[in-house]
Amino acid sequence: MTSKGKTRRMVSVGLCAAAVSAVLAVPAQAARPAAEADTRAAAATPAWKLKETGTDVRFRGLAPVSRKVAWVAGSKGTVLRTGDGGRTWLNVSPPGAGELEFRDVEAFDARRAVVLAIGEGEASRVLRTDDGGKTWTESFRNTDPRAFYDCVTFFDHRHGLAMSDPVDGKYRILSTGDGGRSWKVLPSDGMPAALPGEAGFAASGQCLVSSGPKDVWLATGGGATARVLHSADRGLNWSVAESTVPAGDPARGVFALAFRDREQGIAVGGDYRSGEASPRAAAVTADGGRSWRQAATPPPAYRSGVAWLPHLKSAALAVGPTGTDLTVDGGRTWRTVDSGSFDTVDCTPDFGCWASGEKGRVARLEF
């Protein structure tokens, strides 16, 4: 990119951040401004705009690279990629993958990506592409019938982890140091024991998330309490803390995490069963997950995905089957801003905020 192009992009991102910050700073119950100002605010308010994908599969895996480039992965072994902001989508599904259930995708750019298929035994697999999905290489296939892989995350273009539900009483962690071309199981000596019935949720690709070069967090549910595990050394040693999100049932717990940095994080979840109440469906931490505090005004229902808005210190979005919620105070209070169904959400530094979910739904935040 030329110096002039970089400058234009920086100015564009700066103006976008300023505009969004100004809109979000207006309290929901504030007095209405003058008609002209109200019209300008309405025009600037960000909202989801659906992008036609041409399919009805469910996309729980989402990896935006920018406002123009994004990958989605879902059921029936489906992987799509866009390079024009969602106007058109290229089906880049791995050949013969129709029986696989993709639940997570991590993309480094428009050409390189890693997808995770979930399931018991050999149904759990990792595949990688280096040519935009024209060809895929299977880099891991689980051979342990006791393992069930849920999520994958990367610290950079080389180092990443994937996690499985507990095996022999502890979560199993896979590690890669070559961008997902090869994987190895890490020793479990530094992993705390799992609770009876405890597991991760492969609902949004956000049950395992990282921030910075070494910090990673793992979300749990199903046990007596919903917990968050943290490692500061890329998965070798873990500490554990109880969240305030209710658990005690296989359908309840923390479903997704998002960390703005290695200290400030948000957890969302609840009970994924339709019609079931999900009180206390969000929690926040300011100390890297050592302690969690219940959201004062949580989302009104189960939420499976969460993401920080770029360049804004305290704004984030949470999504679920019944809508999207916004916080502007770091996760302490939430208000519903959209009623559409999504499973996961993620943002890029150039305000490329995307969401995806059931029936082929993919949307980008528009202004």
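Q: What makes a stretch of this predicted model count as a helix or a strand, and how many of each are there in the protein chain?
A: Helices are DSSP runs of H or I with at least four residues, and strands are DSSP runs of E with at least two. In the protein chain there are 2 helices and 28 strands.

Q: Why is Arg-103 called buried?
A: Buried means under 20% relative accessible area, and Arg-103 has a relative accessible area of 17%, so the residue is buried. Arg-103 lies in strand S6, and buried residues make up 57% of the 367 residues in the protein chain.

Q: What makes the pair Arg-103 and Glu-101 a polar contact?
A: A polar contact requires a pair of N or O atoms within 3.5 Å, one able to donate a hydrogen and the other to accept it. The side chains of Arg-103 and Glu-101 are joined at 3.2 Å, so the distance satisfies that limit. The side chain of Arg-103 also reaches the backbone oxygen of Ala-202, at 2.3 Å.

Q: Which residues does Arg-103 touch, not counting those up to four places away in sequence?
A: Arg-103 touches Arg-60, Gly-61, Leu-116, Ile-118, Ala-202, Ala-203, Ser-204 and Gly-205, where contact means heavy atoms within 4.5 Å. For Arg-60, which is 43 residues away along the chain, the C-alpha atoms of the two residues are separated by 5.2 Å.

Q: What places Val-105 among the residues that touch the most other members of the largest nonpolar core, and which residues are in contact with Val-105?
A: That core has 16 residues, and Val-105 is listed with Trp-71, Ala-73, Val-79, Phe-102, Val-115 and Trp-136 as touching the most other members. The elements giving two or more residues to the core are strand S3 (70-73), strand S6 (101-107) and strand S7 (113-120). Leaving aside neighbours within four places in sequence, the contacts of Val-105 include Trp-71, Ala-73 and Val-115.

Q: How do you know that S22 and S23 pair?
A: Two strands pair if DSSP finds at least two bridges between them; S22 and strand S23 (residues 316-320) have 4 bridges in the antiparallel sense, so they meet that requirement. One bridge partnership joins Val-306 to Ala-318 in S23.

Q: Why do S22 and S25 stand at the edges of their sheet?
A: The open sheet of 4 strands runs in the order S22-S23-S24-S25, with antiparallel pairing. Strand S22 (305-308) and strand S25 (335-338) each have a single partner strand, so one side of each is left without a neighbour in the sheet. Neighbouring strands of this sheet are turned by 30 degrees against each other on average, direction ignored.

Conventions. Residues are numbered from 1 along each chain as its sequence is written. This is a predicted model: local features need pLDDT of at least 70, side-chain atom pairs count only at pLDDT 80 or more; totals for chains, interfaces and linings use all residues. Side-chain values use heavy atoms; hydrogens and water are left out. Axes are lines fitted to C-alpha atoms, for helices over the stretch in contact, and angles run from 0 to 180 degrees between N-to-C directions. A nonpolar core is a set of buried Ala, Val, Leu, Ile, Met, Phe, Trp, Tyr and Cys residues joined through side-chain atoms within 4.5 Å. Buried means under 20% relative accessible area, exposed over 50%, partly exposed in between (1.4 Å probe, protein chains only).
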